[in-house]
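The following exercises ask the reader to work from a sequence and its three-dimensional model. Please inspect both before turning to the solutions.

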Amino acid sequence: MNSRLKTIEWRNSCARIIDQTLLPEQISYIDVDTLDKMYHAIKILQIRGAPAIGVAAAYGLYLGVRDFNNDADINAFLKHVDDRAEYLASARPTAVNLFWALGRMKKFAHDNSGGGISVNALKKMLFDEANRILDEDRKMCRAIGEYGFELLKDKDCILTHCNAGGLATSEFGTALAPIYVGQEKGVIFKVFADETRPLLQGARITSLELSEAGIPVTVICDNMSASVMATGKIKACIVGADRIAANGDTANKIGTYGVALIAAAHNIPFYVAAPSSTFDLSIPDGTHIPIEERGREEVANWMGTKKTVPDKVMVFNPSFDVTPSKLITAIITEKGAIFPPYVDNIAKLLG
């Protein structure tokens, strides 16, 4: 199965990632051995997907501090950790897993800096913590898959948007995890994958990993979802998330809100699959989620090769939109599925 492709792993003293900007034409690996290279990889979407970005951030921070050369000055090292984390956090503003992983690494460094520990020893501990984040992500994806399968097992045809599969995580994925679990159990889902403009993550990435795994997948343009749902073929929709507010409002790749609206119009259940680290309980609702606006060229130049918008015309290119919680049937996490009322049940499950 495509989940065996290693989206990110540690190999030969560096983080090895798949360059997702080159998919599906080629599967090419990049060895990231500096903080700046990891910043660049996150910024230009060589690695993407909220959970995978979190793992990348953890390794990126370690890369940013491993060459600190004063073994005796623990306070200077902690300031270096904080400064490098702040820099890496500026790579992308919406995916909360980026900030979650960096916050966890910073807290770990500060919490373990006492007792006369050396800087070199603390560096090794930070590397071990990054490895734990990777391992936890793999286990988390599997758990989401098990819980999600129980909700989807009687729905033979599913629509998804963007990519929340194995290539958006360390392995297995979130929104696609129930599909892979189903395959292991002998239940083969048919999948419609939205193209996901302007960067075509659905067409380039979701269809690639599903087809490689032997899952029947059909790509449709984003503006075809309503027509396909009207045929009655789609039994459920499932997507990932980049940030979820305390009331369940969910930010995901641009176009997700439209899919949710269309699903509601056709009485089709709409599920969000995400780890607990994607929740941001510090914000009450989706109006507080910062939305990344990306460059003009992604819309105005078709995949960097063909001009599609006249030079004098302005382009608006938000990378995410927010789906109101009232349109979400359930949010599937590694701790179980959360149903409305979300304010109460999110707080109850996540503590």
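Four exercises with stepwise solutions follow.

The model is predicted, so local features need pLDDT of at least 70 and side-chain atom pairs count only at pLDDT 80 or more, whereas totals for chains, interfaces and linings use all residues. Residues are numbered from 1 along each chain as its sequence is written, and side-chain values use heavy atoms, with hydrogens and water left out.

**Exercise 1. The packing of two helices**

Determine how helix H6 and helix H7 are oriented, and identify the residues that make the contact.

Step 1. Helices (H or I, at least four residues) and strands (E, at least two) are DSSP runs, numbered from the N terminus. H6 covers residues 177-184 and H7 covers residues 201-213.

Step 2. The axes of H6 and H7 are 12 Å apart and meet at an angle of about 10 degrees. Axes are lines fitted to C-alpha atoms, for helices over the stretch in contact, and angles run from 0 to 180 degrees between N-to-C directions.

Step 3. H6 is therefore roughly parallel to H7, a class that holds angles under 35 degrees.

Step 4. H6 contributes Ile179, Tyr180 and Gln183, while H7 contributes Glu209, Leu210 and Ala213; contact means heavy atoms within 4.5 Å.

Step 5. By class, these residues are four nonpolar, one polar and one charged. Ala, Val, Leu, Ile, Met, Phe, Trp, Tyr, Cys and Pro count as nonpolar, Asp, Glu, Lys and Arg as charged, and the others, Gly among them, as polar.

**Exercise 2. The surroundings of Phe189**

Establish where Phe189 is found and whether Phe189 is buried or exposed.

Step 1. Phe189 is in the loop between H6 and strand S5 (190-194).

Step 2. Its relative accessibility is 1%, so Phe189 counts as buried; the cut-offs are under 20% relative accessible area for buried, over 50% for exposed, and partly exposed in between (1.4 Å probe, protein chains only).

Step 3. Neighbours within four places in sequence aside, the contacts of Phe189 include Phe149, Leu152, Ile158, Pro178, Ile179 and Ile215. Ile179 also takes part in the contact of H6 with H7.

**Exercise 3. The largest nonpolar core**

State how many residues the largest nonpolar core has and which element supplies its largest share.

Step 1. A nonpolar core is a set of buried Ala, Val, Leu, Ile, Met, Phe, Trp, Tyr and Cys residues joined through side-chain atoms within 4.5 Å. The largest has 45 residues, and Ile8, Ile42, Ile47, Tyr59, Phe77, Leu102 and Leu126 have the most contacts inside it.

Step 2. Among the elements that each supply at least two residues of this core are strand S2 (14-18), helix H1 (35-43) and helix H5 (119-152). H2 gives the largest share, eleven residues.

Step 3. Phe77 touches Val65, Phe68, Val119, Leu122, Lys123 and Leu126, not counting residues up to four places away in sequence.

**Exercise 4. The partners of strand S15**

Find which strands S15 pairs with, and in which sense.

Step 1. Strand S10 (residues 270-273) runs parallel to S15, joined by three bridges; pairing requires that DSSP finds at least two bridges between two strands. Val272 has Ile331 as its bridge partner in S15.

Step 2. S15 and strand S16 (residues 336-338) pair in the antiparallel sense over three bridges, and a hairpin joins S15 to S16 through two residues. Ile331 has Ile338 as its bridge partner in S16.

Step 3. From S15, Ala330 and Ile332 point one way and Ile331 and Thr333 the other way, and all are buried. In a regular strand the side chains alternate between the two faces of the sheet.

Methods: Angles under 35 degrees count as roughly parallel, over 145 as roughly antiparallel, 65 to 115 as roughly perpendicular and the rest as oblique.
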